[in-house]
Amino acid sequence: MDISVVVPLFNEEESLPELMEWIDQVCNSNNLSYEVIMIDDGSKDDSWKVVQELSNKFYSLKGISFNRNYGKSAALNVGFAHTSGKVVITMDADLQDSPDEIPELYQMIQEEGFDLVSGWKKKRYDPISKTIPTKLFNWATRKMSGIRLNDFNCGLKAYKKDVVKSIEVYGEMHRYIPVIAKWAGFTKIGEKVVQHRERKYGVTKFGLERFINGFLDLFSITFMGKFGKRPMHFFGFIGTLMFFIGFAFFLWLGIYKLFIDTGSKLLADRTEFYVALVAMIMGVQMFLAGFLGEMIARNNPQRNSYLIKEKSNFSE
């Protein structure tokens, strides 16, 4: 299998037939063996019915339907687990991503040796309420991750198979797949300018809460990437530093009272005494947090457990 195309979708019944026809035409004209995995993320319209009908027409189409809406990250994670192609390509179901980009993305992975290639929608047709937050988000992600991409959130991406089989996407971390891949050791990350088409059907799923959650997830993924498997290095360092600062301050107050100004007021009557005491207590608490975090770090087996209602065209 040359290519696996993973398409997460939510209420996109109108666009699915055109998208599938387009992908089939592009792959066949370029002699690429392929499969399409559509993940219905709890749609309220007839999207799943359309996927089932299309899977009867296109043997290369496989469908997965979630019992409820889990989010794009969950759909991608489950889709990645079911891929078998040498190159995995993700795209949105709203026809704003062009399947015509598939052959060149495939070539960049197979022939140019990239681990991951992210699309860059240099010319966008989104409203300003979406483009401005996107620019801020991309700037912040570049600064914090060190990855020089212009468009982290573009749904059109290509991956070497090893990448999608090695990473874990949960919560709303789909925006940060390049960052997750980098922390997993896949550092050859490229970018390709891709066509962005105006939305033909339906309405955008973008909302202000996604923008806010995006920045919260950025801090989370940065922390987990650096300290996820060694939280003691973060909490223990801060805790130890706070404890010794508080202890040194407390020691100085004692020396000052005993040997320098014996007539000064009692230590318990000085504000500095309580500042030092609080610093020492917080230092111990931070150290303990790091110790506990070291024992339980990322060991929740239910983090990526999703209830799948139905599948279509899978042999197992």
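A crossing of two helices is right-handed if the near helix is turned clockwise from the far one by less than a right angle. In this predicted model, the crossing of α1 and α2 is right-handed.

**The α1 and α2 pair**

Helix α1 spans residues 16-29 and helix α2 spans residues 47-57. Their axes come within 10 Å and cross at roughly 30°. That makes α1 roughly parallel to α2, because angles under 35 degrees count as roughly parallel. On the α1 side, the contact is made by L16, P17, M20 and E21. On the α2 side, S47, V50, V51, L54 and K57 meet them. Of the residues in this contact, six are nonpolar, one is polar and two are charged.

An α-helix has 3.6 residues a turn, so residues three or four places apart point the same way.

**After α2**

Y59 sits in the loop between α2 and β3, a strand of residues 61-66. Is Y59 buried or exposed? Its relative accessible area is 73%, so Y59 is exposed. V36 is 23 residues away from Y59 in sequence. The C-alpha atoms of Y59 and V36 are 9.4 Å apart in space.

**Helix α4 and its cover**

Helix α4 covers residues 102-110. Buried residues here are I102, P103, L105, Y106, M108 and I109. What covers them? Helix α1 is one of the elements that do so. The cover also includes the strands β1 (3-9), β4 (87-90), β5 (116-120), β6 (157-160) and β7 (189-193).

**Two buried charged residues**

D115 lies in the loop between α4 and β5. Its relative accessibility is 9%, so D115 counts as buried. Which residues does D115 contact, leaving aside its neighbours within four places in sequence? They are I109, A158, Y159, K160, V163, F186, T187 and K188. Among these contacts, I109 is itself a buried residue of α4.

K192 belongs to strand β7. With a relative accessible area of 7%, K192 is buried. Not counting residues up to four places away in sequence, K192 touches E101, E104, L105, M108, V117, S118, G119 and W120. L105 and M108, from this list, are buried residues of α4. Strand β7, which holds K192, is part of the cover over the buried residues of that helix.

**Aromatic pairs**

How many aromatic pairs does the structure hold? There are seven. The rings of F243 and F244 have their centres 5.7 Å apart and their planes at 85°, so this pair is edge-to-face. The rings of F273 and Y274 have centres 5.1 Å apart, also with planes at 85°, so they too form an edge-to-face pair. Planes over 60 degrees apart count as edge-to-face. F243 and F244 join F247 in one aromatic cluster.

The accessibility of the four residues in these two pairs is set out below.

| Residue | Relative accessibility | Class |
|---|---|---|
| F243 | 27% | partly exposed |
| F244 | 51% | exposed |
| F273 | 16% | buried |
| Y274 | 43% | partly exposed |

In the F243 and F244 pair, F243 is partly exposed, whereas F244 is exposed. In the other pair, F273 is buried, while Y274 is partly exposed.

Conventions
Residues are numbered from 1 along each chain as its sequence is written. This is a predicted model: local features need pLDDT of at least 70, side-chain atom pairs count only at pLDDT 80 or more; totals for chains, interfaces and linings use all residues. Side-chain values use heavy atoms; hydrogens and water are left out. Axes are lines fitted to C-alpha atoms, for helices over the stretch in contact, and angles run from 0 to 180 degrees between N-to-C directions. Helices (H or I, at least four residues) and strands (E, at least two) are DSSP runs, numbered from the N terminus. Angles under 35 degrees count as roughly parallel, over 145 as roughly antiparallel, 65 to 115 as roughly perpendicular and the rest as oblique. Contact means heavy atoms within 4.5 Å. Ala, Val, Leu, Ile, Met, Phe, Trp, Tyr, Cys and Pro count as nonpolar, Asp, Glu, Lys and Arg as charged, and the others, Gly among them, as polar. Rings of Phe, Tyr and Trp (its six-membered ring) pair if their centres lie within 6.5 Å; planes under 30 degrees apart count as stacked, over 60 as edge-to-face and the rest as tilted. Buried means under 20% relative accessible area, exposed over 50%, partly exposed in between (1.4 Å probe, protein chains only).
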